[in-house]
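Biologist: I am new to this structure and should be grateful for a close look at a single part of it. Please describe the arrangement of the strands, together with whatever is placed beside them.

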Amino acid sequence: MLGLMQDQPLLISSLIEFASRQHGDTDIVSRRVEGDIHRTTWRAVASRSRQVANAIEADYLAFSERVATLAWNGYRHLELYYGVSGSGRVLHTINPRLHPDQIAWIVNHAEDRILCFDLTFLPIVQAMHAQCPTVGRWVALCDADALPADTGIPDLVSYEAWIADHGATYDWPEFDENTASSLCYTSGTTGNPKGVVYSHRSTLLHAYAVSLPDAMCLSARDTVLPVVPMFHVNAWGLPYSCALTGAKLVLPGPALDGASIYELIESEQVTFAGGVPTIWQTLLDHLHGHWLKFSSLRRTVIGGSACPPAMIDAFQTEFDVEVLHAWGMTELSPLGTICTLKSHQLDLPAHEQATLRAKQGRAIFGIDMGILDEEGRALPWDGKTGGELVVRGPWVAKDYFDSEAGSPLVRDAQGREWFPTGDVATIDVDGFMQITDRSKDLVKSGGEWISSIDIENIAVAHPDISLAACIGIPHPKWDERPIVVAVRRPGSVVSREDLLAFYAGKTAKWQIPDDVVFLDTIPLGATGKVMKGKLREQLKDYRLP
Ligand code: AMP
């Protein structure tokens with residue numbers, strides 16, 4: 001027997017229509033690339049996202065074709081979130097911090113048809129547009145009169161001119177909730193980036209879960225500032241959860257320095273903010289440097305890399321802001337765990353609570369997690385035994401977009417399929433997970449990944465280098481910075497400066513290693529792979545210059 005409840009697909013368009021109807025007057029505030037503060041409402045965003053949908057229809061995009069963005073957090077980006085996905089097309093958010101060649105590769109792999117970009121990123125688009133034959137329309141996210149002349153980009157149109165010709169009446173189509181809604185590439189250990197394809201269903205379920213009291217606890221009484229970018233895992237789902245709860249949304253645009261973020265928090269009376277530790281460090285430095293306090297901020301979610309206990313302590317004891325330490329991945333939409341205490345833990349002494357809060361937290365409903373040994377056997381939840389963290393659930397990826405590598409899922413000893421996170425973790429008796437190590441070799445700098453393979457490939461392309469390995473070295477500001485360990489070819493005298501200069505133009509500037517360490521040999525494993533664990537051990541006393 002089937003249930004007798006109405007069969008309504010979970011679609012992203014329903015979020016924006018709900019926000020428009022129930023919270024139409026609630027503000028959406030953006031700091032624009034132009035520098036000014038722009039104010040709109042959920043109702044107006046809904047109306048303009050329908051104009052976006054009409055503009056896409058007029059460009060003859062087929063169902064599920066991709067519309068890409070290279071954009072900061074702002075209201076036009078938000079309109080694209082809803083207009084593109086709501087119309088049945090796929091929103092492809094691209095990380096503008098990648099090298100133009102990497103961006104071109106991603107655009108071609110995704111076969112993007114339209115690419116919308118903030119004017120900040122005009123130089124990137126100028127550098128790569130000629131390599132992107134699938135893109136038929138380039139849209140600059142600006143007013144018609146702000147469109148620069150002579151850009152060299154064919155048929156470039158301003159966003160405002162693009163949507164102005166189209167009405168705000170549009171019947172959002174109904175379709176299968178498992179339809180693809182958005183696409184985000186993550187840097188892989190095996191060379192090229194991999195596309196994670198979210199569905200309408202996964203996005204809505206994730207939006208519900210994120211909003212729960214023991215997760216981010218969002219409501220119509222909140223003013224939410226996602227400092228985490230909308231180009232990376234949908235800003236942790238906040239643009240969707242805010243529509244679902246009717247929260248006021250504050251979007252920081254390109255100004256991510258401590259002073260600008262603080263000014264926005266105070267002027268808009270932000271109650272909840274989300275970001276990576278490096279961003280919050282600049283905010284804390286600003287507060288300390290100017291003897292400032294928060295007048296409205298109550299909670300902040302911090303994740304993307306491990307949040308240092310000192311940061312949790314500073315927010316809580318000095319500024320009376322609760323830190324929610326969270327863990328997630330692009331492949332998890334991204335939220336997997338979040339650290340909120342259980343009632344019996346509230347009576348624990350302060351130092352024990354601090355130890356708990358430094359953990360990445362408990363799984364939210366929808367995420368099943370475990371730790372496995374090398375044979376796929378489940379390891380005990382004793383807070384001590386470490387194993388590979390595996391997850392499964394309705395907003396966890398089962399495969400990558402158009403990937404030749406095959407499904408990433410692994411089977412446990414019982415034959416159940418899991419997504420292997422590449423993280424090594426412990427889980428305690430209360431279900432609190434703690435990342436102890438990263439089994440992947442990617443370097444995370446300022447919340448952004450640097451593929452060690454890319455760095456190694458460039459080094460070994462130098463005629464005087466025979467072998468290279470890139471590893472991350474802890475850095476007080478950026479979490480980690482890459483260095484390259486290299487073996488010179490016999491007889492060669494290539495210097496540190498020569499090799500660093502060789503990187504110029506081959507990868508984004510911030511991805512260039514901070515240093516070169518020359519060794520006579522690099523430890524190799526049985527299959528000829530560099531043993532990075534051993535290498536790190538060998539360089540444990542190394543300090544960045
Ligand atoms: P990404 O897909 O770029 O969001 O990166 C996901 C990876 O970031 C995870 O697999 C972890 O290695 C790391 N990560 C995310 N959140 C945390 C956290 N709170 N603590 C430690 N590592 C984290």
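Modeller: Two strands count as paired if DSSP finds at least two bridges between them. Strands (E, at least two residues) and helices (H or I, at least four residues) are themselves DSSP runs, numbered from the N terminus. The model is predicted, so that local features need pLDDT of at least 70 and side-chain atom pairs count only at pLDDT 80 or more, while totals for chains, interfaces and linings use all residues. Residues are numbered from 1 along each chain as its sequence is written, and side-chain values use heavy atoms, with hydrogens and water left out.

In these terms, strand β17 (residues 368–372) and strand β18 (residues 387–392) run antiparallel and are joined by 5 bridges. Within this pair, I371 has L389 of β18 as its bridge partner. Strand β18 also pairs with strand β20 (residues 417–427), again in the antiparallel sense, over 4 bridges; here V391 is matched with F419 in β20.

An open sheet of 9 strands follows the order β2-β1-β11-β10-β12-β13-β14-β15-β16, and its pairing is mixed. Its edge strands, each pairing on one side only, are β2 (37–41) and β16 (362–363). Inside this sheet, β12 (residues 272–275) and β13 (residues 299–302) are parallel and share 4 bridges, with A273 facing T300 of β13 as its bridge partner. In a regular strand the side chains alternate between the two faces of the sheet. Helix α9 (residues 238–245) lies across β10 (223–226), β11 (248–251) and β12, and runs at about 170° to β10. Such angles, from 0 to 180 degrees, are taken between the N-to-C directions of axes fitted to C-alpha atoms, for helices over the stretch in contact, where contact means heavy atoms within 4.5 Å.

Strand β14 (residues 322–328) brings us to the ligand, since it supplies the largest share of the surrounding shell, 4 residues. The shell holds 16 residues, and the closest are A326, T330, Q360, D423 and W449; a residue is near if one of its heavy atoms lies within 4 Å. These shell residues divide into 5 nonpolar, 7 polar and 4 charged. In this grouping Ala, Val, Leu, Ile, Met, Phe, Trp, Tyr, Cys and Pro are nonpolar, Asp, Glu, Lys and Arg are charged, and the others, Gly among them, are polar.

Several polar contacts can be named, each a pair of N or O atoms within 3.5 Å. A polar backbone atom of A326 is 2.7 Å from a nitrogen atom of the ligand, and a polar backbone atom of G304 is 3.1 Å from a ligand nitrogen. In the side chain of T330, an N or O atom is 2.7 Å from a ligand oxygen. Taken alone the ligand exposes 500 Å², of which the protein buries 96%; the areas come from the Shrake-Rupley method with a 1.4 Å probe.

The loop between β14 and β15 (335–338) contains P334, which is joined to S333 by a cis peptide bond with omega of about 10°. Most residues other than glycine have a negative phi, and most peptide bonds are trans.

Another open sheet has 7 strands in the order β7-β6-β5-β3-β4-β8-β9, with mixed pairing. There, β7 (157–158) and β9 (194–199) are the edge strands, each pairing on one side only. Strands β4 (residues 90–93) and β8 (residues 180–186) are parallel over 3 bridges, and T93 stands opposite C184 in β8.

Definitions and conventions. Polar contact = N/O pair within 3.5 Å; in protein donor to acceptor, adjacent residues only side chain to side chain.
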